[in-house]
Amino acid sequence: MTKDQSNHENSKTNEEREDSLTNRQGHPVTNNQNMRTVGNRGPATLENYDFIEKISHFDRERVPERVVHARGAGAHGYFEAYGTAGNEHVSKYTRAKLFQEKGKRTPVFVRFSSVIHGGHSPETLRDPRGFAVKFYTEDGNWDLVGNNLKIFFIRDAIKFPDMIHAFKPDPVTNIQDSERFFDFCCNSPETFHMVTFVYSPWGIPANYRMMQGSGVNTYKWVNSDGEGVLVKYHWEPKQGIKNLTQKEAEEIQAKNFNHATQDLYEAIERGDYPEWELLVQVMSDNEHPELDFDPLDDTKLWPEDQFPWLPVGKMVLDRNPEDYFTEVEQAAFGTGVLVDGLDFSDDKMLQGRTFSYSDTQRYRVGANYLQLPINAPKKRVATNQSGGQMQYKVDRAPNQNPHINYEPSILGGLKEAKQYGKEHTPKVEGNLVRESIDRQSNTKQAGETYRRFEQWEKDELISNLVGDLSKCDQRIQDKMVALAEEADEEYGRLLREGLAHASKEGSSQKPLGNKNGNQATKTAVDKGH
Ligand code: HEM
C-alpha cells in the first residue's frame, strides 16, 4: 500500500469514529503529521487550509492576561445559606434571595489568584491573594471580588494605576524593585497597615485552601423596606489558616512554582472538598463620628468586638474546571455585579473598581464576554443589547417580537421588570471636591495589628522589611521607619535597628533579626509583593 492509500484508508475509518480528529469546520483531518507540499521536500502551498487554520488559531491562543491577578486557579461548588445572620433572620438586613432560606444552595465559581506578576509566576510570592466568587443566583449573578487580607493599600481608586506601576517590574529593567514599591508606599502613608500584613507571614498564604477571604470594600445590604446597612464580607476556611515564612516559601518555590494550584486541584480530585464559612459585619448606614476611622475606608479593619462576625452561610468547592482557559482564564468578575438586596456604598475604591472590571473585560475577553457559559447567569437573559464581536446568540424573551429591539414599545418588545422591594434611595448632598476623607488614622491600626502578631510573625515582618528596605534610598528608609514608629514604639525601634545593622554590614550581609540570612541579597528583589 502506498502512503497516500494508507491515509485514505484511515480517513474512511476515521470518519465513522467518534474520536476522529476534525478541523474547526467539522471536516475530517486525515493527515495531521504532514503539511501539503509540492513533493515531500516542499515548497508548501498557500491553499493549505488545514495547516493555515491550525497555525493561525495557535497564533491567537492567548487573550491579554489580566492586568493584575493574572496568575490564578479556579473551582466550582455551591453556597449554602443559613437563613440567619447571627441570631437574627437575615431578612432583617437583606432581602437577597440567596440568603433567605436555611439550606438553600446556589452554584458558585471561585477564582483564587496572586496579584502582581504574570500568568505563570510562582505561587509562593509575597503578594495579596485574590478570592473572587461568582454566585449564579436565581436573580442573576452576584460577584464578590475580594482578597485574602481584609484591608487594602489605598483608599482612593485614582491611585490604583500608580500603585500597580510601582509594584510591578521596572519599565526599563523589567525587574521588580522594592525601592519602587517602598517609594510609593512611604509617600502614601495609608498603605502602612497593608504593608504590615503583606511583609508578615500573612503575605504568603501556604495555599489557596488555607487562607481567609474578604470583600475588603464596604457594601450595603438592603431589606424589603428599602433600608440599608453597611456590610463587610469575610470567608473563614474550615481547613484552618496557614501562612509561610520567607524561608519555607523559598524551599517550596525551588521545587514547585505551581504548588497552590496543584494543592487545590488535587484536594478536589480526591474528594477533600475545601469549605469556607461566609460571615458579615454590619454597621448602621451613617458616618459613625464616634469611630476614629471612616467606615468607607478600606485600609481599616472593623473591630470585631464592636462589629461581631455574623455567620450567614458556607461554601464548598467540589468540582474542578474541565478546561482552564474556557473557565478560569475567561472568567470575568466585577464589583458591579450585584443582585436585588445587595448594594454599593460610597466607598471610593469600590466605586472606582466597579467601572474598571467590566471595562477591562470588554477589552480582555471581548464585548460579548457575558455570553460565555462561565460568565452567563444560569437564568433567563432578555436584553436589547446585541451585536459586537463574537455574539453567537440573541438574548431574547420567548414571546418577544424579534423586530422590536428597543424599549418602550407596544409592539411586543421587552418590558421593564417590576421592582421587587422598596428601592433604597440614600440622600447624597455636598460640593464636588477632590479631597481625602477626614479620619485618616494611617498608622494606628497597623500598630494594633503588629501587637496582635505572634512573636514569629513579628520576627518575620521585621526581617522581611529590613531585607527589602535596606536596598532602598535612605530617604525612603527614613520615611518607612517614621511610619513604623508612629504605629508602635517597638515596631519602629526594631526596624530602625535592623536597617542600621544591615547598612553597617553592607547590603549583601545578613541583617539583624534575619533568621534566614537571604533577605538582603540581590535575589530578594524578585520576591514579589
Ligand atoms: C482583578 C482593577 C482593587 C481584587 C482586577 C482587574 C482589574 C482590577 C482591572 C482585572 C480584571 C480582569 O481582567 O478580569 C482594580 C482597581 C482597583 C482594584 C481599579 C482599585 C481601585 C482591588 C481590591 C481588591 C481587588 C481592593 C480586593 C478586594 C481583585 C481580584 C481580581 C482583580 C480578586 C481577580 C479577579 C479574577 O479572579 O478574575 N482588578 N482592582 N481589586 N481584583 Fe482588582
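Entry 1. In which sense do strand β1 and strand β11 pair, and over how many bridges? I looked this up in the model, which is a predicted one. Strand β1, residues 72-81, pairs with strand β11, residues 310-319, in the antiparallel sense, and six bridges join the two. I took one pair as a reference point: His 76 has Arg 319 in β11 as its bridge partner.

Entry 2. I then turned to strand β10, residues 275-284. β10 and β11 run antiparallel and are joined by six bridges. Here I noted that Val 280 stands opposite Leu 310 of β11. For reading side chains along these elements I kept in mind that in a regular strand they alternate between the two faces of the sheet.

Entry 3. I looked next at the nonpolar packing. The largest nonpolar core has 55 residues, and those touching the most other members are Val 108, Val 110, Phe 135, Val 231, Leu 278, Val 280 and Val 312. I listed the contacts of Val 312, leaving aside neighbours within four places in sequence: they are Ala 81, Tyr 82, Ala 85, Val 90, Phe 99, Leu 278, Leu 279 and Val 280. Apart from this core I found another, of 43 residues, with Leu 149, Ile 154, Phe 181 and Tyr 199 among them.

Entry 4. Which residues does UniProt list for "active site"? The unreviewed entry gives His 69 and Asn 147. They span 79 residues in sequence, yet their C-alpha atoms are no more than 10.4 Å apart, so they gather at one spot.

Entry 5. I examined His 69 by itself. His 69 is placed in the loop between α2 (49-59) and β1. Is His 69 buried or exposed? I counted 22 other C-beta atoms within 10 Å of His 69, and because the cut-off for a buried residue is 20 or more, His 69 is buried. Leaving aside neighbours within four places in sequence, His 69 is in contact with Ser 113, Val 115 and Gly 130.

Entry 6. I did the same for Asn 147, which lies in strand β6. Asn 147 is buried, with 23 other C-beta atoms within 10 Å. Not counting residues up to four places away in sequence, Asn 147 touches Pro 128, Arg 129, Gly 130, Phe 131, Ser 214 and Val 216. I noted Gly 130 among the contacts of His 69 and again among those of Asn 147.

Entry 7. I went on to the surroundings of the ligand. Of the 27 residues around the ligand, His 69, Arg 111, Gly 130, Ala 157 and Val 216 come nearest. Two or more residues of the shell come from each of β4 (105-114), β5 (129-137), β6 (140-147) and α10 (348-364). The largest share, eight residues, is given by α10. By class I recorded 13 nonpolar, 10 polar and four charged residues in this shell.

Entry 8. I checked Cys 185, which lies in helix α5, residues 178-186. Cys 185 is buried, with 27 other C-beta atoms within 10 Å. Its C-alpha atom is separated by 9.4 Å from that of Ile 154, 31 residues away along the chain. Not counting residues up to four places away in sequence, Cys 185 touches Thr 191 and Val 195.

Entry 9. I closed with the chain as a whole. The chain has 14 helices and 12 strands, and its C-alpha trace spans about 85 × 65 × 45 Å along the principal axes. Of its 529 residues, 40% are buried. Among contacts between residues at least 6 apart in sequence, 71% join residues at least 24 apart.

Definitions and conventions: Residues numbered from 1 in each chain as written. Predicted model: local features only at pLDDT ≥ 70, side-chain atom pairs only at ≥ 80, totals over all residues. Pairing = 2+ DSSP bridges. Helix = DSSP H or I, 4+ residues; strand = E, 2+ residues; numbered from the N terminus. Near = placed C-beta within 6 Å. Nonpolar A, V, L, I, M, F, W, Y, C, P; charged D, E, K, R; others polar. Core = buried A, V, L, I, M, F, W, Y, C linked by C-beta atoms within 7 Å. Buried ≥ 20, exposed ≤ 12 C-beta atoms within 10 Å, placed from the backbone. Contact = placed C-beta atoms within 7 Å. UniProt positions renumbered as here; feature names shortened; annotations may be inferred.
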